[in-house]
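Load the model in your viewer and show it as a cartoon with side chains available on demand. The stops below give a selection each time, followed by what is found there.

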Amino acid sequence: MESWQGKHFSITDPKEINTVIYQINRTSKEYLNEWPKYTVERLDYIEEIREKGNRKTFFVNNPSTDYDQLLILSFGKEKVVVNMALLENDKITISKKPMPLKFDTLYSEQTEYKEFMYTPNFKRPISIIDPETAEEVKPVLYFDEKTNEVKGKCKLKPYKSYFAFEISDSK
């Protein structure tokens, strides 16, 4: 049996809503030259199917000592509700005013590839999600000989919409 250390909390999704939550990580100063300023990490969860909706228990595996910023994405029919939360000690506070978030719906009539900077812990600044399933588009790693770096590449299918977001500072 696996042991788990960290924090957890639960939400209940109404029927036809699928919520996913990301932990927002600020890159420490010594890695800022190599990595993006912010990366995101999708929280693992377990799901209980209930009569009025699904109860999800999310796990924050590496909580910080002060607080953790969370991005909450709730996918419904043809829309995404975006919200922010702070996990501080054992209390979660959901924001009424979201943090600046750049997002876009990606759509193309041909197969496309979106590249991102690779980080050894697989945290990355951009996440691309299939809104129908709320699952991330899994990247494929490759070595770019021109830049002498390992990079990630996500394959996007033609005639399909995707939800993409990136965390950045407000300007």
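The tour goes from the sheet to the cores, then to the salt bridges and the surface.

This is a predicted model, in which local features need pLDDT of at least 70 and side-chain atom pairs count only at pLDDT 80 or more, while totals for chains, interfaces and linings use all residues. Residues are numbered from 1 along each chain as its sequence is written, and side-chain values use heavy atoms, with hydrogens and water left out.

**Stop 1: the sheet**

Select strands S3, S2, S6, S7 and S8, which form an open five-stranded sheet in that order with antiparallel pairing. Strands are DSSP runs of E with at least two residues, numbered from the N terminus; two of them pair if DSSP finds at least two bridges between them. S3 and S8 (91-94) are the edge strands, each pairing on one side only. From one strand to the next, the twist averages 30°, based on axes that are lines fitted to C-alpha atoms, with angles from 0 to 180 degrees between N-to-C directions.

Now keep S2 and S6, which run antiparallel and are joined by seven bridges. Which residue of S6 stands opposite tyrosine 22? It is leucine 71.

**Stop 2: the cores**

Keep Tyr22 and Leu71 selected and add Leu73 and Phe165: of the 14 residues in the largest nonpolar core, these four touch the most other members. A nonpolar core is a set of buried Ala, Val, Leu, Ile, Met, Phe, Trp, Tyr and Cys residues joined through side-chain atoms within 4.5 Å. Buried means under 20% relative accessible area, exposed means over 50%, and partly exposed is in between (1.4 Å probe, protein chains only). S2 (18-26), S3 (38-42), S6 (67-76) and S15 each give two or more residues to the largest core. Next select Phe9, Ile72, Ala85 and Leu87, which are among the nine residues of a second, separate core.

**Stop 3: lysine 160**

Six salt bridges are found in the whole structure, each being a side-chain nitrogen of Lys or Arg within 4 Å of a carboxyl oxygen of Asp or Glu. Select lysine 160 and aspartate 130, whose side chains meet in one of them at 3.0 Å, N to O. Aspartate 130 is in strand S11 (residues 126-130), and lysine 160 is in the loop between S14 (149-156) and S15 (162-167), 30 residues apart. Both residues are buried, lysine 160 with a relative accessible area of 16%.

Add glutamate 132, which also forms a salt bridge with lysine 160, at 3.6 Å, N to O. Glutamate 132 lies in the loop between S11 and S12 (135-136), so this pair ties together parts that are 28 residues apart in sequence. Glutamate 132 counts as exposed because its relative accessibility is 69%.

**Stop 4: a salt-bridge network**

Select Glu48, Arg50 and Arg55, which are linked in a network of salt bridges. In the glutamate 48 to arginine 50 bridge, the closest N and O atoms are 3.1 Å apart. Glutamate 48 is partly exposed at 34% relative accessibility, and arginine 50 is partly exposed at 39%.

**Stop 5: isoleucine 46**

Isoleucine 46 is in strand S4 (residues 44-49) and is partly exposed, with a relative accessible area of 49%. Select lysine 56 with it: the two C-alpha atoms are 5.7 Å apart, for residues ten apart along the chain.

Conventions: Helix = DSSP H or I, 4+ residues; strand = E, 2+ residues; numbered from the N terminus.
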